[in-house]
Amino acid sequence: MSMNRREWLGMTAGGILGLGSFGSAEGRVEGPKSRLTITELTITPIALPDPPLLNVAGCHGPYFLRNIVELKTDAGIIGLGEAPGGQSVTAGLEKARRIVVGQNAMAYRRFAHDLQSLGMGIYAGIEVACLDAAARASGRRLCEMVGGPVRESVEFAAYLFYRYAADHPVILSDPHLADARGSGEKALDDWGEVRTPEAMAGEAARFRDRWGFRVFKLKGGVLSPEAERDTLFAMADRLGSKAKLRIDPNGRWKTSTAIRIGKEIAKLPMEYYEDPVRGQEAMAEVREATGLKMSTNMCVTRFEHLAGALRLHPIDVLLVDHHYFGGFAGCQALGPVARAARWTLSQHSNNHTGISMAAMIHLAASIPELTCASDTHYPWLAEGFDVIEGNPLTIRDGSMAVPTGPGLGVTLDRDRLARAHEVYNKTSMRRRDDATLMKRLEPGWTGGLL
Ligand code: GKR
Ligand code: MG
């Protein structure tokens, strides 16, 4: 059943969440009666096709895994959430059932710690489902339940990966493959191989032309540092001086390499330098030596890392991610921290469906300090595979509008969900393992420091 926001508001006004009277005939002030009791938690592990994108850990396998969360309530409202993929997360979500069933979805902070002890990804999937259910019950958009919107449109960056062609013979002979993709017309996509500076400049231009991105993040730590430097110069040439550039070698570079390359790319319109090296001390050293703005989703990923970061000054921009940083509540708490530390915020991304896409938009719409364009893998999601109903969420001029419907503003496409679950059952993939495929593509590859 899909309803627009107006219909929901009509249905819920004084209805599902009708509040108790605050000034009854007897003058007695009653508390709110509303409760949204969780009656069932359904977990659906899924596998969606993933192109052979390269990174420091190797090459993306033929699928990316996610867990789709449906939280049923006594009001008949279902809240949707998305957690990271893999068997261990599925098992954790199954364990979460005994924690959440019978609880009030609106009071999810009461059981937050119990869920977090099972894993942050598990908490995130269920927290979003609770927020979605609560927002749907009140006929409001999710961001409106958590203090937003602070903006109606959220900017994203083009997330550019070196990659192999989708029909590379090694990919097509991957033992995990469980669908009918092939070569030529039957290939998963037509991006081709991108492993040179010129080919990456072409990929960047295609992202700009198709989605209007203004910010471009190069996933580094793949080719030699010099080739990646040349790639940034080729991108700057092709995209013009207004395009903002980022590079993220995921800590694969030695400090000396990061300083040398950093000084060269400082001539380009770099927005920031993301995790060229590992650890807060090394990041601080590179920041000091290059004068570049630095960002991370590696050396500050938990609240425990904040003390060191405030002391050592390794970054200017923190990439938050509700899937691991304590959900919406955790990410929102980082806003004032960022303000005090003079950081700005952006968002980290791993492969995800339209459910997490919508969640990321609502999150950005509820954090004033989240002013840098966010990362998203969404453009890499193969056409026709998203599990949300209708067309994928739209990226226009590099930005995405906050969905207008109640809750997250997206609903499940049951057929596509069933197909993605069937593929999960067919493939033997149960966790992400980029290294194995990479060693088959490039025998001798080790992923060591450069
Ligand atoms: O999806 O290959 C990828 C990315 O490299 C991802 O695994 C990283 O977590 O996006 C990430 C990042 O910014 O480091
Ligand atoms: Mg990163």
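Let's start at Tyr159. An oxygen atom of ligand 1 sits 2.4 Å from an N or O atom in the Tyr159 side chain. Keep in mind that this is a predicted model. His60 makes a similar approach. Here an N or O atom of the side chain is 2.7 Å from an oxygen atom of ligand 1. Then there is Asn350, with a side-chain N or O atom 3.1 Å from a ligand 1 oxygen.

How much of the ligand does the protein cover? On its own, ligand 1 has 350 Å² of accessible area, and the protein covers 91% of that. Two elements give two or more residues each to the surrounding shell: strand S7, residues 158-161, and strand S8, residues 215-219.

Now the shell as a whole. It has 15 residues around ligand 1. Among the closest are His60 and Tyr159, which you have just heard about, and the closest also include Asn55, Asn250 and His377. What is the chemical make-up? Eight shell residues are polar, five are charged and two are nonpolar.

Next, helix H14. This one runs over residues 414-426, which is 13 residues. From first C-alpha to last, H14 reaches 18 Å. At 1.5 Å a residue you would expect 18 Å, and the model is close to that.

Which residues of H14 are buried? Leu417, Ala420, Val423 and Tyr424. Look down the axis of H14: the buried residues fall within an arc of 125°, so they line one face of the helix. The general rule helps here. An α-helix has 3.6 residues a turn, so residues three or four places apart point the same way. Now turn to the face of H14 directed away from the buried side. That face carries exposed residues, Asp415 and Lys426.

Two single residues to finish. The first topic is Ala96. Ala96 lies in helix H2, residues 87-100. Is Ala96 buried or exposed? Its relative accessibility is 0%, and under 20% means buried, so Ala96 counts as buried. Take Gly86 as a reference point. Gly86 and Ala96 are ten residues apart in sequence, and their C-alpha atoms are 16 Å apart in space.

The other is Ser356, in helix H13, residues 354-364. Ser356 has a relative accessibility of 1%, so it also counts as buried. What does its side chain contact? The side chain of Ser356 joins that of His323 through a polar contact of 2.7 Å.

Notes: Residues are numbered from 1 along each chain as its sequence is written. Chains are lettered from A and ligands numbered from 1 in the order in which they are written. This is a predicted model: local features need pLDDT of at least 70, side-chain atom pairs count only at pLDDT 80 or more; totals for chains, interfaces and linings use all residues. Side-chain values use heavy atoms; hydrogens and water are left out. A residue is near a molecule or strand if one of its heavy atoms lies within 4 Å of it. A polar contact is a pair of N or O atoms within 3.5 Å; within protein, one must be able to donate a hydrogen and the other to accept it, and residues adjacent in sequence count only if both atoms are side-chain atoms. Accessible areas come from the Shrake-Rupley method with a 1.4 Å probe; for residues, only the protein chains shown count as cover. Helices (H or I, at least four residues) and strands (E, at least two) are DSSP runs, numbered from the N terminus. Ala, Val, Leu, Ile, Met, Phe, Trp, Tyr, Cys and Pro count as nonpolar, Asp, Glu, Lys and Arg as charged, and the others, Gly among them, as polar. The expected span of a helix is 1.5 Å times one less than its number of residues. Buried means under 20% relative accessible area, exposed over 50%, partly exposed in between (1.4 Å probe, protein chains only). The arc is that of the directions from the helix axis to the C-beta atoms.
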